[in-house]
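Me: I am new to this structure and would like to know how its descriptions are arrived at. Please take me through them one at a time.

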Amino acid sequence: MDKIVIQGGVSLKGKVTVSGAKNAALPILASSILAEGEHLFRNVPDLADVRTMCKLLGTMGAEAERQTGKLKDAVRISVPETLSPEAPYELVKTMRASVLVLGPLCARFGRARVSLPGGCAIGARPIDQHLKGLKLLGAELELNAGYVEARAKRLRGATINFDVVTVTGTENLMMAAALAQGRTVLENAAREPEVEELARVLNKMGARISGAGTDVITIEGVERLSAIEHAILPDRIEAGTFAVAAALTQGNVLIERCVPEHLDAVIQKLRAAGATVSAEDGGLRVKGPRTLKPVDVKTMPHPGFPTDMQAQLMVLMTVADGSSVIAETVFENRFMHALELQRMGADITIDGHTAVVKGVAMLQGAPVMATDLRASASLILAGLRAGGVTEVQRVYHLDRGYERIERKLRGLGARVRRVKDRRAS
Ligand code: EPU
């Protein structure tokens, strides 16, 4: 199993280019099911999760393949007239986002059998809101041997008020409603840029969706959708991770292909911490201060501070000049990185959903491992700032969501390499 080895202490300098957004690519690839024909999606990051989604589409009978040469950033998907509408446990257990095929399968084939995802390292993460919405659209649902089995002649539009703001729940129901009969209104919908991007894609396919990006989305169902070509928006969380890396290392980095408006909440916190952040040349320049100031953060659905940046911001605060309070309100168990950061000398006290981080003068390199994607990224960041050598194990988490991160960091001067870990089982 690979590990990432970091020799800390380098100020990052130069330019880095952000890849396509994982959390936009996954629903968009799933949305291809809605239209027979040949889709071409560009700027699709080459990540383990994207490969899993392609595999899932493949098991159902579509052909989803990464292209080569000039089109190597693209995935081409051929969707036949019929598919086998089943998402098996083996794939869903490796990637929860597999559940995103449920809505499109119900809408196009009136039938789906999708494994329930089960528990997760960062929280319980039920899909009750997805199921509640599908029922309101007229699907009959049954739970059988760990699978949700859905049936519907044709889905019918309805008003769905989400009890909690859910990103993939909003996406699943937007896709289901696109081919339903009549009007669907999604209330208390997620407002993430990835939801807006999916709406753009569906509208290109011929859907009639308005209001995406606000908390009320209206979908006028249509009879059919057509295959399209589309380039996926840049990954705001990858951009945010590089922004923290620059701030943390007294660096000076231009993050190219970044949409600053998608990072408003993160930029505000970086500025409050003393970093200089400016929009420049289709990107974002971030300069780290000599002394970081403490900032309090509370994660919230978009446009609030993203939970997917909480671990990275926590690392920044471990070396700030004072105490910060970080509250995680989106997931119930997303502080696992704090324990690993403590092993590197950080002073963090967890009380339920709140972490109190007292800045220390110095982090020390150590062997560490993480239980989820963003936690792994935060440990790499800590390694960049720490004295000595940090080894981040369980790199497979990182490979789910960051395209060639060690190469990108090396391009900024970091001393980072990937090695085979012969001791790992
Ligand atoms: N929730 C429910 N019931 C539901 C759905 C969600 O109670 O039916 C709860 C969840 O348990 C959680 C909260 O609502 O406490 C928000 O969950 P949400 O459904 O919004 O999360 P998600 O759609 O499963 C997406 C991203 C996550 C990101 C969250 C929050 C994708 C593929 N995943 O997950 O990304 O953290 O939204 O922004 O879009 C990551 O990239 O590292 C990652 C975990």
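**Reasons behind the terms**

Reply: To start with a loop, N43 sits between β3 (37-42) and α2 (48-60). The model is a predicted one.

Me: What makes the phi of N43 worth a remark?

Reply: N43 has a positive phi of about 55° although it is not a glycine.

Me: Which peptide bond is cis, and where is its proline found?

Reply: The bond from H302 to P303 is cis, its omega being near 10°. P303 belongs to the loop between β18 (297-298) and α10.

Me: Why are α8 and α10 called roughly parallel to each other?

Reply: The axes of α8 (residues 236-248) and α10 (residues 310-318) cross at roughly 5°. Angles under 35 degrees count as roughly parallel, and α8 and α10 are therefore described that way. Their axes also come within 10 Å.

Me: Which residues make the contact of α8 with α10?

Reply: From α8 come I237, T241, V244, A247 and L248, and from α10 come Q312, V315 and L316. By class, six of the residues in this contact are nonpolar, two are polar and none is charged.

Me: How do you know that K22 makes a polar contact with the ligand?

Reply: A polar contact is a pair of N or O atoms within 3.5 Å. A polar side-chain atom of K22 is 3.0 Å from an oxygen atom of the ligand, so the pair meets that cut-off.

Me: What makes N23 and R374 count in the way K22 does?

Reply: The cut-off is again 3.5 Å. An N or O atom in the side chain of N23 lies 3.1 Å from an oxygen atom of the ligand. For R374, an N or O atom of the side chain is 2.8 Å from a ligand oxygen atom. Both pairs therefore count as polar contacts.

Me: How much of the ligand's accessible area does the protein cover?

Reply: On its own the ligand has 830 Å² of accessible area, and the protein covers 87% of this.

Me: What surrounds the ligand, and which helices supply at least two residues of the shell?

Reply: The ligand is surrounded by 21 residues, the closest being Q129, T166, T168, D308 and V330. At least two residues of the shell come from each of α1 (22-31), α5 (128-136), α6 (167-178) and α12 (373-385). The largest share, three residues, is that of α5.

Me: Which classes of residue make up the shell around the ligand?

Reply: The shell has nine nonpolar residues, six polar ones and six charged ones.

Definitions and conventions: Residues numbered from 1 in each chain as written. Predicted model: local features only at pLDDT ≥ 70, side-chain atom pairs only at ≥ 80, totals over all residues. Heavy atoms only, no water. Near = heavy atom within 4 Å. Polar contact = N/O pair within 3.5 Å; in protein donor to acceptor, adjacent residues only side chain to side chain. Areas by Shrake-Rupley, 256 points an atom, 1.4 Å probe, with all protein chains shown as cover. Helix = DSSP H or I, 4+ residues; strand = E, 2+ residues; numbered from the N terminus. Nonpolar A, V, L, I, M, F, W, Y, C, P; charged D, E, K, R; others polar. Axes fitted to C-alpha atoms, helices over the stretch in contact; angles between N-to-C directions. Parallel < 35°, antiparallel > 145°, perpendicular 65-115°, else oblique. Contact = heavy atoms within 4.5 Å.
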